[in-house]
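Visitor: I am new to this structure and would like a close look at one part of the chain. Please take the beginning of the chain, and set it against the rest.

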Amino acid sequence: MSLISENLNKRTVFISVPLGLGVFLARCLKVCTFGKVDYIEKVQRMGEDRSFSHDAAKRDFGYRPMTFEEGLKIEVDEYLKTVKSNVGA
């Protein structure tokens with residue numbers, strides 16, 4: 001997240017919360033909103049390891065991965081182009 005802030009030249013404050021506390025707070029929010037707001041599963045998924053090998057994709061499809069930083073720069077540039085074109089419209 002700090003890389004996004006840096007690429008957008010924005011100042012952002014991040015607060016680290018233990019996963020267990022986040023799940024507890026999500027459960028409290030669900031109770032307080034009578035079940036209308038349910039972020040429990042979303043918070044729990046933040047603790048999942050989502051890393052996997054992409055060797056098969058390289059072999060089968062010629063996939064050429066880029067670094068996270070490179071991909072983020074491309075996405076931020078595209079976002080800024082969209083914002084600029086929408087402002088002029």
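Guide: What follows starts with the whole chain, turns to its beginning, and then moves on to a few other places.

The model is predicted. Its mean pLDDT is 91, and 97% of the residues reach 70 or more. Confidence is not even along the chain: the lowest mean, 84, belongs to α1, and the highest, 96, to α2. The part you asked about includes α1, the helix with that lowest mean.

The protein chain has five helices and zero strands. Read from the N terminus, the order of elements is α-α-α-α-α. For 89 residues, a compact globule would have a radius of gyration near 12 Å, whereas this chain has 19 Å. Along the principal axes, the C-alpha atoms fill a box of roughly 45 × 45 × 25 Å. Just 11% of the 89 residues count as buried. The chain exposes about 8,000 Å², and carbon and sulfur atoms supply 59% of that area. Of the contacts between residues at least 6 apart in sequence, 36% join residues at least 24 apart. As for charge, there are 14 positive and 12 negative ones, and their mean positions lie 7 Å apart.

Now the beginning of the chain. Helix α1 covers residues 2-7, and S5 is part of that helix. Is S5 buried or exposed? S5 counts as buried because its relative accessible area is 11%, which is under the 20% cut-off. Which residues does S5 touch, once neighbours within four places in sequence are left aside? The contacts of S5 are then K10, T12 and F14.

A little further along comes N9, in the loop between α1 and α2, the latter being residues 19-32. N9 has a phi near 55 degrees, which is a positive value in a residue other than glycine. Most residues other than glycine have a negative phi. N9 is exposed, since its relative accessible area is 70% and the cut-off for exposed is over 50%. So the two residues fall into opposite classes: S5 is buried, whereas N9 is exposed.

The beginning of the chain can also be set beside a residue from a distant stretch of sequence. L3 and E69 are separated by 66 residues in sequence, yet their C-alpha atoms are 7.6 Å apart in space. E69 belongs to helix α5, residues 68-88. With a relative accessibility of 45%, E69 counts as partly exposed.

The loop between α4 (55-61) and α5 holds T67. T67 is also partly exposed, at a relative accessible area of 40%. Measured by position in sequence, T67 and T82 are 15 residues apart, and from C-alpha to C-alpha the distance is 23 Å.

One more residue can be read beside N9. F34 sits in the loop between α2 and α3, where α3 is residues 40-45. The phi of F34 is near 55 degrees, again a positive value in a residue other than glycine. F34 is exposed, with a relative accessible area of 77%.

To return to your request: at the beginning of the chain, S5 in α1 is buried and is in contact with residues including K10, while N9, in the loop after α1, is exposed.

Methods: Residues numbered from 1 in each chain as written. Predicted model: local features only at pLDDT ≥ 70, side-chain atom pairs only at ≥ 80, totals over all residues. Heavy atoms only, no water. Helix = DSSP H or I, 4+ residues; strand = E, 2+ residues; numbered from the N terminus. Rg over C-alpha atoms; globule rule 2.2 N^0.38 Å. Buried < 20%, exposed > 50% of the residue type's maximum accessible area, 1.4 Å probe, protein only. Contact = heavy atoms within 4.5 Å. Areas by Shrake-Rupley, 256 points an atom, 1.4 Å probe, with all protein chains shown as cover. Lys, Arg positive; Asp, Glu negative; His and termini not counted. Charge placed at Lys NZ, Arg CZ, Asp CG, Glu CD. pLDDT = per-residue confidence, 0-100.
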